Amino acid sequence: MDTEKSTGMADSTPLYLGFDLSTQQLKAIAVSSDLKMLYGAVFDFDADVSGFNVKKGVLANEAEHEVYAPVAMWLQAIDTVLQRLKDVGIDFSRVKGISGAGQQHGSVYWSQEGEHDLNNLNKDKTLESQLEHAFSYPYSPNWQDASTQEECDMFDRHLGNETQLAVDTGSKAHHRFTGPQILRFRTKHPEEYQKTARISLVSSFLASIFLGKIAPIDISDVCGTNLWDIQSGTYNEKLMALAAGTSDTSNLRRKLGEVPVDGGGSFGTVSTYFVQRFGFDASCKIVPFTGDNPSTILALPLRPLDAMVSLGTSTTFLMSTPHYQPDPAVHFFNHPTTPGLYMFMLCYKNGGLAREQIRDALSPQLPGTSDPWSLFNNHATGTLPMGATGPNSALKIALYFPRPEIVPNVRAGTYRYTYHPENQMLSTENDVWNLPTDDCRAIVESQLLSLRLRSRNIVAPPSPNPDNLPAQPRRVYLVGGGSQNIAIAKLAGEILGGVEGVYRLDVDGLACALGSAYKAVWAVERKQGETFEELIGERWREEDFVMKVADGYQEKRYKEYEKGVEALEKVEAEVLRQQKVNVGKAGTSGAGQV
Ligand SMILES: Nc1ncnc2c1ncn2[C@@H]1O[C@H](COP(=O)(O)OP(=O)(O)O)[C@@H](O)[C@H]1O
Ligand SMILES: O=C(CO)[C@@H](O)[C@H](O)COP(=O)(O)O
C-alpha cells in the first residue's frame, strides 16, 4: 500500500473506495485517480464480529445442507471498516465515488419497512442497531449452500434441459444460484416471502446501504441467478414464473427491481447517514456494485487469453472473452463494465478450506519458520508429479471435498484413486498412498487439473505460434489469499501452462476490492464512450502491481499432466457413477471414499 505523504496542506485530490464483502471478510480500500492504493481496512468475520458464532464467516444447518450468513454481521462490519479507514487517516470528503463487490448469488430479503429505515438513519447510532426491522429474514443464503437440489432439478427441466438453461442464462442450475434459492425460500418460508418488499444480491445489498435506498442489481451479478436471459437482456419470464410460483411474475419483478445495463452509471449519491457520520461529501457517487468474481477481473486490464485464478474460500478460474460459448459445465456472465464482452468462470466450493484441512493434518510444522504453509509446500513440490515413478507408472489422483462440490456435483468426501495409464483403469488400494503427506501435492494437482480440463475449449494457442505451442492461457494471474503460496504457483505453471508465465497480483489479497475501486474511478472520470479497458489500461503500471512468481508452460511437464487430465476425468466419472449407485442408500458413501 502506498501511503500519502503529508505536505502540511489539506489534500483535496479525489479518492475512490472499493469494498469486497466476501465469505470471510469485508475489505475496503481507497485509491487515487492514478490507481495508487492509499488506504485499506479489513473486518474479519470470525475474529472481529461480536454476537454471532460464525465459523469461516458462515453458519450451517448440516441436516438440510444449508449454509447462511447473518445480515446484521455485515452491517456491523460496514460500520467498523469505515471507522478503521478513518483511524488510518482517510479524509472521506475527498471520496468522489464508491463501488464494491459481494460474494455472488447470496440473497438479502428486505422487509416492508426496510427502505424507509435505510433512508432515515440517525448518524449517532450504528447501522446494526437501526436496521433491526429492515429485513423480513435475518439470514442470507450463502454460495456454499447445497440445500436446493430439488429446485435445481426443476430449473434444469423447466426450459427442456440443463443445456438450454445454460444457453439462455449462462449457467445450468446450481444450488447456490439465486433463482433456485428464492424458489426454496418461498416454499420453506412463505410468510417471510410474502412480507418481503425487495430482494437484493449481496452486492446490491451493500450498494443499498451506501445509497440509503434499495439499489438495482448489477448487469453482471444478475447472471448468477439463473433468472436472467443473457441474450435478450431481460428476466426470463418462464424461469421467473417458476421461482414466483405463478404465471403473474409482476410481484417477483418488483422485488428484484430493474437491472441497468451500464456498469459505470451512477445510482445516485451517498446517503446522508454517511455524510453526517463519516464526513463524506454529499456529491459522492454510488457506482453499481458487482459480484466478487466480476470485480476481480477488473483489478487489471485483463486481455483475452489471460486467465485469473482466484484462490479465496472458493477457487475460481476467470477469463474475459468476446465469445459466448455456454455449456452446462461452465458459467458465462455479462462483463461488469464492457458490453459485448463476457466473463467465463469455473467455480469450486472446495478451495482454500480444503487445502487448509490437509495442511492442518500435518504436524509438527517445520522448525524455524513462521509460515504455516511451509511443510505443506515442501510436500507439494518435493514429490514426483502425481506420484509417478516412471513414464508409464501409476498416478495418484484424488478429490478432496470437505463440502459437497459444485464441479462436479459430488457429495462431500475424500476420494483417492490410483490410475493405470497402460489400461486406463482405476484402483483404490490405499496402501500406495503415503498419508497425510501425499495429499499435499495431490490436492493442488487435482484442483489445477480440473481447471485445465474445463478451460481447454476457451484457451487457444498463441498467435503467431512459431514454436507450435498447444492451447493455453497467455498469462496466468493468481489472486486471493492462496496466491501467496509459491508451491501452488509452481504447480499452476506446470499444469495450466501460460506462455508468458505465472504472475501474482501483488495486492495483499485485495484484488477484488481493487477492481471495485477501479470501477469507481472509471465510472466517475471516464470521457464519453471511454471503456474501462481504455481508461484503466492507460493509467495502470504493470510493474507497480504484478510480479512473475513461476514459469508457465514447460513442454515435458505439460505433456505429463495430459495423462493427469485423462486420469482426473476417469476419477470424476467413477465417483459420479458410485454416487448414482448409492442414490437412495441413505448414509452410504461412494467406494473410494476414505
Ligand atoms: N500462503 C498461503 N497459502 C495457501 N493459502 C493461503 C495462504 N494465505 C492465505 N491462504 C488462504 O486464503 C484464504 C482466504 O482468501 P481470501 O481471498 O481472503 O478469501 P475470501 O475472499 O473468500 O474471504 C484462506 O482460506 C487461506 O487458507
Ligand atoms: O459462488 C461463487 C462464484 O459463483 C463464489 O466465488 C463466491 O462468489 C464467493 O467467493 P469468495 O468468498 O471465495 O471470494
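**Notebook: loops, domains and ligand shells**

I started with Gln424, which sits in the loop between β20 and β21. I am working from a predicted model, and I keep that in mind throughout. I looked up the backbone of Gln424 and found a positive phi of about 55°, although this residue is not a glycine. Is Gln424 buried or exposed? I counted 11 other C-beta atoms within 10 Å of Gln424. The cut-off for exposed is 12 or fewer, so Gln424 is exposed.

**Another positive phi**

I then turned to Asn226. Its phi is also positive, about 60°, and Asn226 is not a glycine either. I noted these angles since most residues other than glycine have a negative phi. Where is Asn226 found? I placed it in the loop between α9 (202–211) and β10 (228–229). Here I counted 32 other C-beta atoms within 10 Å. Buried takes 20 or more, so Asn226 is buried.

**The helix before that loop**

I followed the chain back to α9. How many of the residues of α9 are buried? I found ten of ten, so by the burial cut-off of 20 C-beta atoms the helix is mostly covered. Among the buried residues I listed Val202, Phe205, Leu206, Ile209, Phe210 and Leu211. Ser203, Ser204 and Ser208 are on that list of buried residues too. Gly212 follows α9, and I read its phi as positive, near 80°.

**Cis peptide bonds**

Next I checked the peptide bonds. I looked for cis bonds since most peptide bonds are trans. I found one joining Val407 and Pro408, with omega about -5°. I located Pro408 in the loop between β19 (395–401) and β20 (413–420). Leu435 and Pro436 are also joined by a cis bond, and there omega is about 5°. Pro436 lies in the loop between β21 (425–427) and α16 (438–455).

**The whole chain**

I stepped back to look at the chain as a whole. I counted 21 helices and 24 strands. The radius of gyration is 24 Å, and the globule rule gives 25 Å for 594 residues. The two values are close, so I noted the chain as being as compact as a globular protein of that length. The C-alpha trace spans about 70 × 60 × 50 Å along its principal axes. I found that 53% of the 594 residues count as buried. I also looked at contacts with a separation of 6 or more: 73% of them join residues 24 or more positions apart.

**Domains**

Which domains does the assignment give? I wrote down domain 1 (15–293), domain 2 (305–350 + 471–550) and domain 3 (352–455 + 555–581). The centres of domain 1 and domain 2 are 22 Å apart over C-alpha atoms. I looked at how these two domains meet. On one side are 47 residues of domain 1, in contact with 38 residues of domain 2. I then asked which elements make up the domain 1 side. Those giving two or more residues are β1 (15–21), β2 (25–32), β3 (37–44), β6 (95–102), α6 (162–169) and α13 (292–296). The largest share comes from β6, with six residues. By class I sorted this side into 17 nonpolar, 20 polar and ten charged residues.

I also checked the UniProt record. Its unreviewed entry annotates residues 143–298 as "domain: Carbohydrate kinase FGGY N-terminal". I found this span to be 46% helix and 9% strand. Its end C-alpha atoms lie 21 Å apart.

**Ligand shells**

I finished with the ligands. Around ligand 1 I counted 17 residues, the closest being Ser22, Gly312, Gly352, Gly481 and Asn485. Which helix gives the most to the shell around ligand 1? I found α14 (residues 352–361), with four residues. This shell divides into two nonpolar, 13 polar and two charged residues.

Ligand 2 has 16 residues around it. Thr23, Gln104, Trp143, Gly312 and Ser314 come nearest to ligand 2. I sorted its shell into two nonpolar, twelve polar and two charged residues. Why does ligand 2 lie between domain 1 and domain 2? I saw that both domains give residues to its shell, so ligand 2 lies between them. Gly312 is among the closest residues to ligand 1 and among the nearest to ligand 2.

Definitions and conventions. Residues are numbered from 1 along each chain as its sequence is written. Chains are lettered from A and ligands numbered from 1 in the order in which they are written. This is a predicted model: local features need pLDDT of at least 70, side-chain atom pairs count only at pLDDT 80 or more; totals for chains, interfaces and linings use all residues. A residue is near a molecule or strand if its C-beta atom, placed from the backbone, lies within 6 Å of it. Ala, Val, Leu, Ile, Met, Phe, Trp, Tyr, Cys and Pro count as nonpolar, Asp, Glu, Lys and Arg as charged, and the others, Gly among them, as polar. Domain bounds come from an automatic or database domain assignment. UniProt positions are given in the numbering used here, feature names are shortened, and annotations may be inferred rather than shown by experiment. Two residues are in contact if their C-beta atoms, placed from the backbone, lie within 7 Å. The radius of gyration is taken over C-alpha atoms; the globule rule is 2.2 Å times the number of residues to the power 0.38.
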